[in-house]
Structure formats: C-alpha cells, structure tokens
Amino acid sequence: MSAAVAPSSAADTTSSATRRRSGRVTKRPEKFAPESSPALSAKRKRRDGNESDIDSDAPLSDDEQSESSQGEPDEEEVRARRRKKKSGPGAKKPPQKKPKTNGEVVNLAIRPAKPAKRKNAKPRKALARKSALVDEDADGLYAEIYARGSRLEDVAAQWIGRFNEHEANAVAELINFVIRAAGCHIQIDEDDIADPDNCVHRLGEIQDDYQHEEISGYPLISKRGAGPFRNSLQGFFIILVQTIARSGLMYEDNQLMENIQVWICTMSSATNRPFRHTSTVVALGVTTGLAQVASDIAENAAKMLRQKETEAKKSRANKSRLSTIDKEVAVLNQKLEHVKSLITDWFDTVYVHRYRDVDPKVRAECCEALADWIMTYPDMFFDSNHLRYLGWILSDTHEGTRAEVLKQLSRLFKDKDKLAGLKTFTERFRPRIVEIATRDSHTNLRASAVELLDVLREAGFLEPDDIDTVGKLIFDSEPRVRKAVVGFFAENVNAAYDLLVEDMGGQEALDEALAPLDDDEEYENPRLEWLKMKCLVQQLLSYDEDTGLPSQIERITPYGAELGLVSVGIESRFSLAAQALYDALPEVRSWEVLAGYLLYDHSQTVADAAGEDVETMLRQNCKLEENEETALLDILNAAVRTRLQRSAEAQKDKKRTKAQREAQKAEQEETARRLTILIPQLLKKFGALPEAAALCLRLERELNLDVFQELRQDTALTALLDDINKQFLTHHNEHVLNEAIGSILHASGNDELKELVSLKIRALWDDLTGTFDALRRGRDLSVCGNMDQNILSGVSNIVLKMAELAKASDPSTLDLIAPPTKSRSRSQRHAALDTPPIASLLQILDRGVPGADSDPETDEAEDVLVRHTMSLMLMYFLWKCRHLSTHIEAGARIPDDDLDQVAGRRDACVTALMRILESRKGADEVRVEAANLLLDIYNMFRSLKVMKAKVNKGSKKSNGRAGEEANDDWEALCQDVDQPTVKLLLQILTALENNLAKRVRKRLEEPDVDDDPIDPDDEPESSDDEAEDEQSQSHQQIRTLLAEERLCTFGSRVVQGVQAGTLDNDDSSVRKRLERNRTKLTPTWREVVGHLDLNKAIKGKGGKKTQPIKEAAKPAKSKKIVIEDDSEEEEQMDEDEEMGDAEEQVNGDASATEENGAAEQSPGAESVLGD
C-alpha cells in the first residue's frame, strides 16, 4: 500500500511543478520555511540509494506533515543523518536542485549544527534588579523580582492567578514582599490578612522585633544597588495596579484594594524608618499606577465621545451604535470615578503626611511622585491645590529635597502646554525661586534655580527686577553659577541689541547701509559688532555697584550686602564675566574687533548730529565713555587670555593631527605678533588713565615671548619694554606699578631676555636713585614736617616705586654712594652726598614719630611716606637675608664687612621702629605696620638657623668639608624679642582685638594690667547710632572686614614668632595670650591662632617633642658681632631642625610665606619676591 501511494505522491509533485512552470497559477503562494519536506525527503532517499525498508513506509498524513514541518525532524531524517555520519567524507554528492515557484527560489530554513552563543542572553532589567542585595533564603515575590530576574509583567500576572486561587494567601505574600523590601525577615500569614482590625497591632509587633535586631541599614539606602532596587520595587506595584485594573478585580472586588491600602498606609505611618520609607515608596507607586489607569480610562472615554460625535453628524446615524457608545461611556465614567476615589484616599492617607516627613529622602520621593502624577493625570493633579505642595517644598531645610523640587519644576515648566496653568503658581513662588538662585548656600542649587528662571524668562513670567537680580549673578564668585547664568545674561544683551537695531531702522536697513568691511578696515570703520559690545558693557556696568569698595574687599554675592576679603591678584569681576561669556557671545571671542573698537577715535563723533544717516546713528550709539573703555579693556584681557590658553591646550592635545597642531601654533604666533603691535597703541591712547594703563600692561603677560625669539623680533620687544618702563616712571598709582612689575617679571622669566631685562631694570634703578638723591640733597629727612607738600609727595612716590621695583630685582644700589657729578657751580660741588640712599631711608622711619603741631593733611602724607618706606625696608632685608642664606647653603664664608653693614642697618631699623611703637597708642595704622615689620625682621633672620641646621645635617651624611671655613658670625642677627618689646606687641594685639570685638558685638576677656587703657575716642562707632539703610550697613561691614584683616595679619606674625622661637623663649605667656580670645571672635581668627597647635601635630607624627630654640643670654642689641661656642650649636642642632619643620608649615599670611621663600632659595633660583 505504501508502494502504491508513494509514486502517486511523486506524480502529484511532478504535475504540480509542471503546472507552476506553465504559469497558469496567478495567485502567488505564501513563502514558508519548513524544517523538512516529505517530497524532498523522498528525493534525498532515492538519491542516497536507501533500502526498500525505508521506501516502503506509509506516507505521512496532512496533520503529520504539518507537525513535521513545524517541529523536530522525523525518524527518516534522523536515520539519514546517522548514515551520513557513518559514511564519513566519501564520494562527493551532487548538488540538489532547489524547487522553484513561478520562477522564484524558495529558501528553506537550515538548522545550524551548533546554536550560536548570544552575547546578551539575559535581559537588562533582570541584571538591574539582580544588582540588589538578595539573601540566599529569599522566596516569594522578593525572589521572583530580585533573585530570578523575572519580568515584572509576568510576576504581576502570576500573582493575579494566585489571588484567584486563594485571596488571603496572595495578599499576605504581597505584604510580606513589602516587609522583606524594608530589610525585615518577619512575615505575616493569611490569618493576619483576615483580621484587618488587628493590622496596627501586628505591624507594631513586627517593628518591635525588627528593632531588637539593631539593623542600621535597609535596601533603599544601600550604597550599592539602591537605585535599581527602588525602581523595581515601585515599578512592580505600578504594573500590578494596572494588571488588577485590566483583570477587572479593581472594580469587582473592592476588598483587594482596601486590604492593600490598610496594610501599606499603616506601614507608611510607622515610627520605624525602614518600614516608613519602603511603604511610602510602595504607596507612591500604587498611586502612580492608579493615575495611569485613570488617565487611560479618561482617554478611552474621550475617544468614545469623539466617535459618538462623528456618528451623530452622519445623515443616517446608527442609533443602536450611539446607544452602545453611551453605555460604554457610562461604564468608563463609573470606573473613572471609582479610580479617582481610590487616588484621593491614597493621597490623603499617605502623601499629605509624608511630604513633610522627618526623613529628607521620603520628602524627595513625594516631590518626584507628585510631579509624575501631574504629568500623567493632569486632569486631577494639575491645579493649585496640588501645585502648592511643590511650592512649599521649595523652603525645605534639606538641600537634596530642594534640588529635587527644582528638577521637577523645570520638568513641568518645559512642557509648554502647562505654562498657562503655572502662571498663578509662578506669581506666588517666584520670589522664593529667585532667593534660591541668589542666596542659597549650595552652589548646585543656585545653578539649578538659575536654569529654572531661564525657562521662566522665556515664558515671560519674570519681572524686570527679577531679571536684573538674576543678571547680576554673572559677577558671582562661583564658576558654576556664572556658567549657569550665561544664557540668561546673553539673552538680555541680545534683547537690548535688537531694541537698538529696531530703533535704527531694522537689521535689513543696517545691512544695506553698511558696506562689507575688509580685514584691513576693522580699526577704521564702525560695524554692528561694536553695537553688541556697547550693549554688553552697558549691561555689565549697570550691574556693577561696587566701584567704590577697597581693593581687598568684594561682595561675596553680587545681589546682597555680604562682603568678604579677597586674595591678592584675583581677577576682576568683568574679567570673570567675560570668561563665562566667551562661548556664548561671538563678539567676545573676536578680540581683534574689540581692540579696533577701543582704538577708534570717538572724539570725531558729534553728540547731536543732525540727519538720519544710518552710519552716523551707529557712530553715536557706539560712542564709549571712560568707564566703558576700562570695562572693555578688562574684557579684552580675558578674551586674549582665553584664546591663548585654548590654543596652547590644543597644541598639547594628542588626539589632534600634526597639521591641526601646527595650525594652532601658527595662530598663536600670529596673535602674539598682533599683540606686540596693539599694546603700544593702547598704551599711547590710554596711558594717561591709571586703571586703563594697568589693564594695557596686563596684556603683556599674555604674550609667549619664545615666539619673538623664533621670529627674530627683538626690536619689537625692546620697544615694548621701553613702553613699560615709561609707564612705571610716569605713573604713581600703585595698581599701575604692580602691573608694570608683573610685566617685567614675566619678561625676565625668559632666558633669552634676561640680559635685556636686566639692562632695563638697571636703568630704572639709576633713574629712581638719581631722583631720590636730588630730593634728599641738603635736607634732613628724619624731622617730621620740614618739607613742602610737593616735595613730600615726590619723595613718597619715589620710595613707593623703589619698593615695587625691589620685588623684581636686588636693591643693592641703595647701598652705594652716588659718585660726584661734574657740576659747574661751586655750591653744587659742596652739596655732594656722602651717604648711601639706604641711610636716608632709615632716617625717614623717624618721621613716624608724630609731631607736636601739624595739620591732618600733612600727618596723612607723612604716614603714607613712612608706610612706603617700611615696605621698601621689608624687601631690602629680604634680599639681604637671601644673600646670607646663599652663603650658608654653599658653606662659604660671609665677609665681615657685609655682616657689619647688615647688622648696623638692622639695628637702626629696629630702633626706629621701637620709637614708633612707643610714641603711638592703640591700633594706629602706622604703629601696626611698624609692629608687622619688626616681627618680619626677627622671623626672617631666625630662619637662617633653620637653614644652617639642614646644611649641617646634609654635610654630615655626605661627609663633606664645605662648611669648615664658614664663619658663624651671622648668628648674632638671630636674636629674640626682648620683654619690653613683647609687652608693646601684646598691647597692639589687645587693641586690635577690642576693635574687632566692638564691630562684631562680641565680649572679650578682661584686659591685663599691662595693656593700654582703652580710649573711648579710639573705639569704633556703634552701629545703633547709624541709619539702618543699605549704604550704612555696607560701610559698617567694610570696616568690620578691614578690622578683621588687620588683626589676622598681625596675629599671623605673632604666631610665626612663637613657632620660630623669637617669642616665648622662657615661658608660654604669648601663647596663652593668643589663645585667650581664640573662640570669642571670628572663625578666621580662630584658624590663625589654631596654627599654634602645629607643634602637637608634629609631635604626634615624629614622636619627638618640639621645643622653641633657647639661646644663651645676650646683651642688648648692638652692632658688635657675638661669636657663640660651636659646641652649643651642636647641642641645639636637632632642636633647630625640628623647629625648621614647624616653621615651614606655618604660613601666617602672604608676606610670611614670601619671607621664607626668599630666605630658602638656592643661589641659581629666580626671584619670586615680586610674584
């Protein structure tokens, strides 16, 4: 029977193939890829020459064929494969013909021999959930979600199936999952679920048992995997609620949601933090799921209503269909009302209480959930009753919660469809958002608030005052805040620019009237970029309110009245703003156009020129004032610096190609070449203005001087240095002099230019000393009030310039007597000087003793001269100390003449300073400056012993003999402060402390008997007598900060003296006096005095106790050199070394650091005294 059927089957196959080839079949058959085909199996059997026992099998039925085509291979194919394996690689079989259908090839699926390995076999969600900490004994829903990595949809569907089988067990499993997620292993059973009235008592028992375990952490706050754990936990309940809704249990069985609500809401009010936090996350997830269900129902109801309207508009409306739609809409509305009632219950039971929870993490969870509900179901949550909760959270005490609400508000405001509904909320809570942006103590929150306000500005919800308040943050001290406000500020500038352009006729009219300019004409003709720069500088100046503040004081935040001390050399507000705006405004990046704008002669522009010429209007609108030119010079400095820095970084970038790096190098060289031409032009125009001249000089420090050596442009550099020297000699402003010295130091840092710079510095010394000799010739500089005002001012300016120049070079010229000049008159030959300039400078210190009868203006000028002289003497002795340290390090002998000279001038300076301390009272400025210089002199020479100890230690290790011929006469310079001087210094300290205490309204300890009596006239005025306006508060704060600066500056020198051993060599009276009011003043003063504990820290690290260096008793200060015994020095060697370590770590202020740096430099090191 089988033999008869098989041929017929083959014949059918043949006839079918013939019909397909004939083309009579017009319907294209469906393609399929069966595992095997009976016809092909039979053909393979015949080709392989199989035996009759296989061919005689009965044919497969239709059902069997379908199963074999979809399932595994049948027995015939299995046997055929076995025979192929046994036969091995024998005779090569001919290729099989592929069946065709209407001329097209049918590709059959071929099963691979080995299944290919997939790289990502596990789903990503399962990996994320498995990252949570899971115990080995985890079971139930907890194991299915976190241990097995099952899909949340599948887990929810399986739980619904278990609920249909046994309701109480399923609900108990769900509640146990929440308890386990809280970190508790205690479980409830179906009996607890059956008794909901006992829920509170049962949960209380579980909490008590859990607290006895004293477990501090739980999964939601775990450092590893808390985020994925929380997402899976909340995501499961969202999907579970949706699954319950789709299954109909939410509407058919009210007890399910009620039981879940009873247990979860009770846990959300638990006193135990893990239970409360976990259940709150679950409750918020349930509410989110209900909101999504309600949103879907509302959307379906709306679709049905639209279908009804469409059907009703037809000419022949189907009434039965309309009736069906009405019934369906009624059912949906009933479901929606039921879901809304559930949402209301969950919201009132959980959210209303937990949004103000004591745990900030719970409050942040509530904030995020409410924003999700507003976005998911705005019909219920997008109203003032729910939005107010977000507004209240803006005043949360925790920064994390405030950050979360700012994030969610930005999310809401970016949805343009919700802007209209947020207008009332914005009017109510906008001041609080502005306050966060301007006054919050956390920088990241301020930046987030600024970004939110930028969105409000785009929506038109900000008032002009708010725009100005936020715009002032471009001057903020925090870079992140400046970066965040860049877009906000740039849009304000663009708005002002567009308004000006509109007043001038529009952008098209300006483009037609202004012909395109070539690069060569950028310095000659106005352009629209100038108008944008004009708007920029006007905006910056309108926000800059601190032009009258002292140089060392700046507002901490540009919006309020809080001021603070700033370090020396900090960049200006305009420079910081320009750096932030560099990428936002193309006009700031075009520094060449900005330079052309500054060099343009605006005096040619008539103020009220008649006519409607566009170019004339542009010239008038672009005309700059003096303060605007200064601000633009600052912006030019910042733009050039940023351009050169980025060019240098691009050259070092290894990711760039060689051609790109060479292009950056060429651009840098071209920028340097242009600046060399530009700086003299700017100095020529703005050299008369001190502030503008200082900014022009600062540009020189941005130059890469190596470029000029490569281009052989020595002439241009020489001319530039001449211009710098000219500015140094013609100006008397301290800011200009500082910038000129900075430029000179920058040039001297280049090895190729050292010789040229040395010649220029020598010329400056010759010029200054020559002028000083002319002024001091025939005059007694030690007597106060014997010079005219002009002469006094001239001497003061010359001394100031010498003090500034001493920061860059050795003032050894002051030790030389000027050679007699060839004068024609006999009187001038008799007036030749026989003393060096340093002798006259020491005489000037005697002018610090106040005279009997003098007017306040003269006294002020005399004090300025004395302070300038003190600055010069500090630099003079620093250089002398450096020369001595060079000899000590080299182990060379110091000439006796040099030691006698330094000792004599040191004693003369100390004597003059003592007279100033004794003649003045209280915290007089000159008295405090004299005390600072006195302590600096003692401390800097004391550091020589520290250096000697290091040299001796190094020479012992290396067995060198370099120090055998060295003399120790210099040790006479390392003296201690005597007790009368210590008493005077402590009196000054008491006066400074009382001055600051009165400012900050603090009460100090009772003064000592030896302290100066407090003069009521010297006390600061009480703030109660001043008007409580903003200006008076600002002045009061400035005086407070200056008083704090003076105390900390003086106190740091006293602390350094204690550490170095110049003070407190017999007892610890000075230390006790410093610590007396340590905690009663400002935090800065507490930190300064805290450096006294440095010895204890060193003792803890090294194990040795650090003691001050005790020297043998010495006579009063004298020029005579006292030689100490060598054995005594060796005994104190270890103590000196330890003291050196202590001294190196104590840096009271900038000048103290400068002294140590100058004293410890090697002979070949460059001078850093001017940095």
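Here is a short chat about charges, salt bridges and one helix in a predicted model.

Guide: Residues are numbered from 1 along each chain as its sequence is written, and side-chain values use heavy atoms, leaving out hydrogens and water. Since the model is predicted, local features need pLDDT of at least 70 and side-chain atom pairs count only at pLDDT 80 or more, while totals for chains, interfaces and linings use all residues.

Visitor: Why is the contact of E144 and R162 called a salt bridge?

Guide: The term asks for a side-chain nitrogen of Lys or Arg within 4 Å of a carboxyl oxygen of Asp or Glu. For E144 and R162 the N to O distance is 3.8 Å, so the pair fits the definition. E144 lies in helix α7 (residues 140–147) and R162 in helix α8 (residues 152–165), so the pair ties together parts 18 residues apart in sequence.

Visitor: How many salt bridges are there in the whole structure?

Guide: A search finds 48. Among them, D154 and R151 meet at 3.0 Å, N to O.

Visitor: What makes E144 buried or exposed?

Guide: Buried means under 20% relative accessible area, exposed means over 50%, and partly exposed is in between (1.4 Å probe, protein chains only). E144 has 10%, so it counts as buried. R162, at 25%, is partly exposed.

Visitor: And R906 and D907, what joins them?

Guide: A salt bridge does, with the closest N and O atoms 3.0 Å apart. R906 has 0% relative accessibility, so R906 counts as buried; D907 has 10% and counts as buried too. Elsewhere, salt bridges that share partners join E592, E670, R673 and R674 into one network.

Visitor: How do you know that the length of helix α38 agrees with what is expected?

Guide: The expected span is 1.5 Å times one less than the number of residues. Helix α38 (residues 789–805) has 17 residues and should span 24 Å; its end C-alpha atoms are 24 Å apart, which agrees.

Visitor: Why is α38 called largely enclosed?

Guide: Twelve of its 17 residues are buried, so the rest of the structure largely encloses α38. Those buried residues include L792, V795 and L805.

Visitor: What gathers with E427 on the surface?

Guide: E463, D465 and D468 do, in a patch of negative charge. A patch takes residues with over 30% relative accessible area and no salt bridge, joining like charges within 9 Å and nonpolar side chains (Val, Leu, Ile, Met, Phe, Trp, Tyr) within 5 Å. E427 has 51%, so E427 counts as exposed.

Key:
Accessible areas come from the Shrake-Rupley method with a 1.4 Å probe; for residues, only the protein chains shown count as cover. Lys and Arg count as positive and Asp and Glu as negative; His and the chain ends are not counted. The place of a charge is taken as NZ of Lys, CZ of Arg, CG of Asp or CD of Glu. Helices (H or I, at least four residues) and strands (E, at least two) are DSSP runs, numbered from the N terminus.
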